[in-house]
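Work through the exercises below with the model open. Each task is followed by a solution in steps.

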Amino acid sequence: MHTLILLAALTSQINFDARQQGDMWTITPQVTLNEDCQCRIQMETSRQAASGNSTTRQSGRVNIRAGEPYALSQITLSAQPGDNIIVTVTVSDGNALHLSRQWSPPGRV
């Protein structure tokens, strides 16, 4: 068990802090790295809904210190029944580090 905890602490990762209020979601992607990094961040939000499809992309560069959770841009959106929503976050240093993770509202996609 201790080995798993230690391994998780040493592994770079992306997590999502997602909060729901009614049909509104606020999603804050957070990245924790095991080495300092000047990283390129890409975030994409895709929605397929009865009213149509949309895709929003953001990108930029940030300095992330090792071992400290770094909150990326906050996303707020509404999710109606039947909507398929995927938030994809990619973090890369252009060399060895390349992390990517997706989030969807529970019970969807």
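The exercises that follow concern a predicted model.

**Exercise 1.** Determine which strand pairs with β3, and in which direction the two run.

Solution.
- Take β3 as residues 37–49 and β4 as residues 52–64.
- The two strands are joined by 13 bridges and run antiparallel.
- Two residues lie between β3 and β4, and the strands form a hairpin.
- For a single pairing, take Glu44: its bridge partner in β4 is Arg57.

**Exercise 2.** Locate Pro81 and decide whether Pro81 is buried or exposed.

Solution.
- Find β6 (75–78) and β7 (84–92); Pro81 sits in the loop between these strands.
- The relative accessibility of Pro81 is 74%.
- The cut-off for exposed is over 50%, so Pro81 counts as exposed.
- For a distance, use the C-alpha atoms of Pro81 and Ala50, which are 9.7 Å from each other. Along the chain, these residues are 31 residues apart.

**Exercise 3.** Classify Ser92 as buried or exposed, then list its contacts beyond four places in sequence.

Solution.
- Ser92 belongs to strand β7.
- Its relative accessibility is 17%.
- Buried means under 20%, so Ser92 counts as buried.
- With neighbours within four places in sequence set aside, the residues in contact with Ser92 are Cys39, Arg40, Leu97 and His98.
- For Leu97, the backbone oxygen is reached by the side chain of Ser92 at 3.3 Å. This distance falls within the 3.5 Å cut-off for a polar contact.

Key. Residues are numbered from 1 along each chain as its sequence is written. This is a predicted model: local features need pLDDT of at least 70, side-chain atom pairs count only at pLDDT 80 or more; totals for chains, interfaces and linings use all residues. Side-chain values use heavy atoms; hydrogens and water are left out. Helices (H or I, at least four residues) and strands (E, at least two) are DSSP runs, numbered from the N terminus. Buried means under 20% relative accessible area, exposed over 50%, partly exposed in between (1.4 Å probe, protein chains only). Two strands pair if DSSP finds at least two bridges between them. A polar contact is a pair of N or O atoms within 3.5 Å; within protein, one must be able to donate a hydrogen and the other to accept it, and residues adjacent in sequence count only if both atoms are side-chain atoms. Contact means heavy atoms within 4.5 Å.
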